[in-house]
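Please walk me through this structure, beginning with any space enclosed inside it and then turning to the way two of its helices pack.

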Amino acid sequence: AVSFFAWLIGTGTAICFSVAVGRFDKRRASETFSQGVFSAAGIGLVLLAFMAFGREAFFDALGPDAEVRSLASSFWTWYAPCAFLEPVTILLNAACYADGDGKLCVISYVAEFSVKLVSSVLLTFAMGIGGCGLGTTLGDVVLLGMLLLHFRNKANTLALVRHFSFADLWDICRNSFGDASTRLCWAGLFFFINKYVIDHYGSGMLPVAGVAVALISVTEAFNGISNAAQPLVGVYMGERNNKGVRTVMDAAVKFSVVGGLALSAVLLAAPVLVLKLLGIDDPELVAAGKAAVRIVSLGYVFWSLVTLFNSYYVFIGRVALSCTLTILANFVAPWLLILALGGFGVCGTWWALALASFCATASPSSP
């Protein structure tokens, strides 16, 4: 849910900023960037307030056993600052990339990932699972600090001015809702998966549900293709250069198919490695985990295409179509398929996640 609001503001700001740049409207570009900064900070504060006061209500609705609840509460406490940091860092990353500083974006994300990985592991030894939450927060702090270096770049065109308009906020959200709503759907889907597994198979099966959730979250990597295409498509749209848009998207489709096939091949060949990375070594869970890895990974080509065209529809202003595809692929289809395939046991849940992307790709909302 935090990621939804972060991408809602960040992606929308980058799209509107790129269109303004394509029209050589410097004043409008500055106003768009400033609108994004103020909106991200404001929404971040609201989310931080929810993290501070909504924890117990959230866990009451989910209904885990006492041990799981205790662990999750510890993580929640130290992760809470990310509710403010993530909207701001996603906004700055999108703006820096749209402003041509892709190198800094890559370096800063590598640094963020490294800090999160190392500090989470080390802090877990000292603090328990709360160390993972604190490590995540520290990674976002590092990311924020590095992205701010862009403003010392001589090529920087991002300028903060006094500007706030609800009409501009609506324009930003309208342009990005189809893309960002993936995270909102995931919030509902992941809650539903955990709730369904707890109710039908007990809290002991939650680690395998965590594997499935991690595998779906990996499809976030496919956004790299659409993010790379976005500045070019945005500028070409501003120039009304349809041929340029088609050329970029043709290349993006090819990369999406190849990327999806490659990732599926890797996971199908090494499910045990995935389980080791996620710390699952209980013999009873390993078999179920291997099945989850192999089944869910079969849908990666279709997840890749759904991700790309979800963003493409946003780029060309087909927001309603983007929202339809997103909600179908990331919530409605998985939810219905999980219920329909429940008679096949826990593997039916994983097949539902694999088939959901195929159903969405084959739907009338796809190209």
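**An enclosed cavity and a helix pair**

In this predicted model, the count of cavities of 30 Å³ or more comes to one. The volume of this largest cavity is about 90 Å³, and twelve residues line it, of which T182, W186, N223, T307 and N330 lie nearest its centre. Sorted by class, the lining of the largest cavity consists of three nonpolar, six polar and three charged residues. Two helices, α8 (166–201) and α14 (300–315), each contribute at least two residues to that lining.

The second of these helices leads on to the packing of α14 against another helix. Two packed helices are described by the angle between their axes and the distance between the axes. For α14 and helix α15, which spans residues 319–340, the axes come within 7 Å and cross at roughly 155°. Because angles over 145 degrees count as roughly antiparallel, α14 is roughly antiparallel to α15, and the crossing in which α14 passes α15 is left-handed.

On the side of α14, the contact is made by W303, V306, F309, N310, Y313 and V314, while α15 brings V319, L321, S322, L325, T326, A329 and N330. By class, this contact of α14 with α15 has nine nonpolar residues and four polar ones, with no charged residues. N330 appears in both parts of the picture, since it is listed among the residues nearest the centre of the largest cavity and also among those of α15 that make the contact with α14.

Note on methods. Residues are numbered from 1 along each chain as its sequence is written. This is a predicted model: local features need pLDDT of at least 70, side-chain atom pairs count only at pLDDT 80 or more; totals for chains, interfaces and linings use all residues. Side-chain values use heavy atoms; hydrogens and water are left out. On a 1 Å grid over the protein atoms alone, a cavity is a set of points where a 1.4 Å probe fits but cannot get out, and a pocket is an open set with protein on both sides within 12 Å along at least five of seven lines; lining residues have an atom within 4 Å of a point. Grid points are joined across faces, edges and corners, and a volume is the space filled by probe spheres set on the points. Helices (H or I, at least four residues) and strands (E, at least two) are DSSP runs, numbered from the N terminus. Ala, Val, Leu, Ile, Met, Phe, Trp, Tyr, Cys and Pro count as nonpolar, Asp, Glu, Lys and Arg as charged, and the others, Gly among them, as polar. Axes are lines fitted to C-alpha atoms, for helices over the stretch in contact, and angles run from 0 to 180 degrees between N-to-C directions. Angles under 35 degrees count as roughly parallel, over 145 as roughly antiparallel, 65 to 115 as roughly perpendicular and the rest as oblique. A crossing is left-handed if the near helix is turned anticlockwise from the far one by less than a right angle, and right-handed if clockwise. Contact means heavy atoms within 4.5 Å.
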